[in-house]
Amino acid sequence: MLNILFSAKPTAWEEYRDHLTGAFEAASLNANLSRDHDPATVDYIIFVPNGPVTDFAPYTKTKAVMSLWAGVETVVSNQTLTQPLLRMVDPGLTNGMVEWVVGHTMRHHLGMDDHIHCQDGVWRDTVYPPFAAQRPVTILGIGALGAACGQALVQLGFPVTGWSRSPKTVEGITCLSGKDELKEALTDASMVILLLPNTPQTRNILNAETLDLLADGAFVINPGRGPLINDDALLSALASGKVRHATLDVFHVEPLPAEHPYWAHPNVTVTPHIASTTRPDSAAKVIVQQILRGEAGEPFLHAVDRQAGY
Ligand code: NAP
């Protein structure tokens, strides 16, 4: 019998419990899922950073800590965590992100706001948007989420450039990597989508200098993490027209304080960190897959590189 500790808020327990027990049964996994195991007996921890476990030292037998979140910046530097840390790559989470990114990209690409906010009785039939093929999109971060979003945008005809830390090949996407190729990735981009993790290397990656590389009137879409953007630089770029509109889902401080200039800015759309979330039904199957790998002595999937921070 495997002891599996669920360390998250009580609301998450309600959402996940039945999906997890169902997935364990379907895989014939003999698992005792609980929110309250003796630490020394725990085989696996299902983990969310805002849950009860903050000290991993007593979990001496634990084979893996499985995050329910894709972003692990709040746990990756926890000194008590010596067990393998696995980040969540969930098909449901990915689907949700693809839909959110495609939706907001198409809103800006088609200029939908002009019609939604201008129902004034004037028949303006003269303005057509360019085709997607004329609107270069750059995605910073082409991991699980960025690559899927990029491929969906390629299907719609956008020329997509992706940028990552290590060299990659993603079908349909022009792939660039490393600091030296960031300038090329951003130069003349009409739409920038941020899907990087929050690490010391990625913070403020969109700053005065890098924003200046974009095409005039570019759009910025950030479902990644707030600290990827220097807010003052983005507000300046919005004021000058360099950036026409920013759709922001994530912020330096969340919830975004009511007095923050983003809330009232006519060219900023604030969404409250809802771009996508892990879906309990599909995530439960991912967790089972990881446990089966662990029990078979196979390497875990999506293990966090502590050094890299994600
Ligand atoms: P992932 O698979 O780890 O992909 C991260 C990507 O960023 C990879 O392509 C990686 O490069 C690249 N990267 C990391 N550090 C870099 C650096 N210093 N320079 C250049 N590229 C760098 O992560 P994911 O699952 O796609 O998730 C991405 C992020 O989305 C998460 O970390 C989280 O912050 C955010 N997120 C937000 C929401 C929301 O609702 N708003 C939901 C889920 C996730 P390599 O390919 O070379 O490793």
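Where in this predicted model is His273 found? His273 is found in the loop between E12 and H9, and the last of the legends below returns to this residue.

**Figure 1. The ligand and the residues around it.** In this predicted model, 29 residues surround the ligand, and Arg87, Ser166, Pro223, Asp249 and Tyr310 come nearest among them. The shell around the ligand is made up of 14 nonpolar, ten polar and five charged residues. At least two residues of this shell come from each of helix H2 (91-110), helix H4 (144-155) and strand E7 (160-164). Because domain 1 (2-90 + 278-295) and domain 2 (91-270) both give residues to the shell, the ligand lies between them.

**Figure 2. Polar contacts of the ligand.** The side chain of Ser166 places a polar atom 2.5 Å from an oxygen atom of the ligand, while an N or O atom in the side chain of Arg87 is 2.8 Å from an oxygen atom of the ligand. With Arg165 the contact is made through the backbone, where a polar atom is 2.9 Å from a nitrogen atom of the ligand. On its own the ligand has 940 Å² of accessible area, of which the protein covers 93%.

**Figure 3. Aromatic pairs, with Phe6 and Trp13 in view.** Across the whole structure, a search finds four aromatic pairs. In one of them, the ring centres of Phe6 and Trp13 are 5.3 Å apart and the ring planes stand at 55 degrees, so the pair is tilted. Phe6 counts as buried because its relative accessibility is 1%, and Trp13 is likewise buried, with a relative accessible area of 9%. Together with Tyr16, the residues Phe6 and Trp13 form one aromatic cluster.

**Figure 4. The aromatic pair of Phe251 and Tyr262.** The ring centres of Phe251 and Tyr262 are 6.2 Å apart, with the planes at 55 degrees, so this pair is tilted. Phe251 sits in the loop between strand E11 (243-248) and helix H8 (261-264), whereas Tyr262 belongs to helix H8, and the pair, eleven residues apart, links distant parts of the chain. Both partners count as buried, Phe251 at 7% relative accessibility and Tyr262 with a relative accessible area of 1%. The loop between E11 and H8 is also where Pro255 is found, and a cis peptide bond with an omega of about -5 degrees joins Glu254 to Pro255.

**Figure 5. Thr278 and Leu20, two buried residues.** Thr278 is found in the loop between strand E12 (268-270) and helix H9 (280-296), and with a relative accessible area of 9% it is buried. A polar atom of the Thr278 side chain lies 2.5 Å from the backbone oxygen of Leu68. Leu20, in helix H1 (residues 10-26), counts as buried at 0% relative accessibility. The C-alpha atom of Leu20 is separated by 21 Å from that of Glu298, which is 278 residues away along the chain.

**Figure 6. Asp188 and His273, with positive phi.** Most residues other than glycine have a negative phi. Asp188, although not a glycine, has a positive phi of about 65 degrees, and this residue is found in the loop between helix H5 (182-186) and strand E9 (191-194). With a relative accessible area of 52%, Asp188 is exposed. His273, also not a glycine, has a positive phi of about 50 degrees, and its relative accessible area of 34% makes this residue partly exposed.

Terms used:
Residues are numbered from 1 along each chain as its sequence is written. This is a predicted model: local features need pLDDT of at least 70, side-chain atom pairs count only at pLDDT 80 or more; totals for chains, interfaces and linings use all residues. Side-chain values use heavy atoms; hydrogens and water are left out. A residue is near a molecule or strand if one of its heavy atoms lies within 4 Å of it. A polar contact is a pair of N or O atoms within 3.5 Å; within protein, one must be able to donate a hydrogen and the other to accept it, and residues adjacent in sequence count only if both atoms are side-chain atoms. Accessible areas come from the Shrake-Rupley method with a 1.4 Å probe; for residues, only the protein chains shown count as cover. Helices (H or I, at least four residues) and strands (E, at least two) are DSSP runs, numbered from the N terminus. Ala, Val, Leu, Ile, Met, Phe, Trp, Tyr, Cys and Pro count as nonpolar, Asp, Glu, Lys and Arg as charged, and the others, Gly among them, as polar. Domain bounds come from an automatic or database domain assignment. Rings of Phe, Tyr and Trp (its six-membered ring) pair if their centres lie within 6.5 Å; planes under 30 degrees apart count as stacked, over 60 as edge-to-face and the rest as tilted. Buried means under 20% relative accessible area, exposed over 50%, partly exposed in between (1.4 Å probe, protein chains only).
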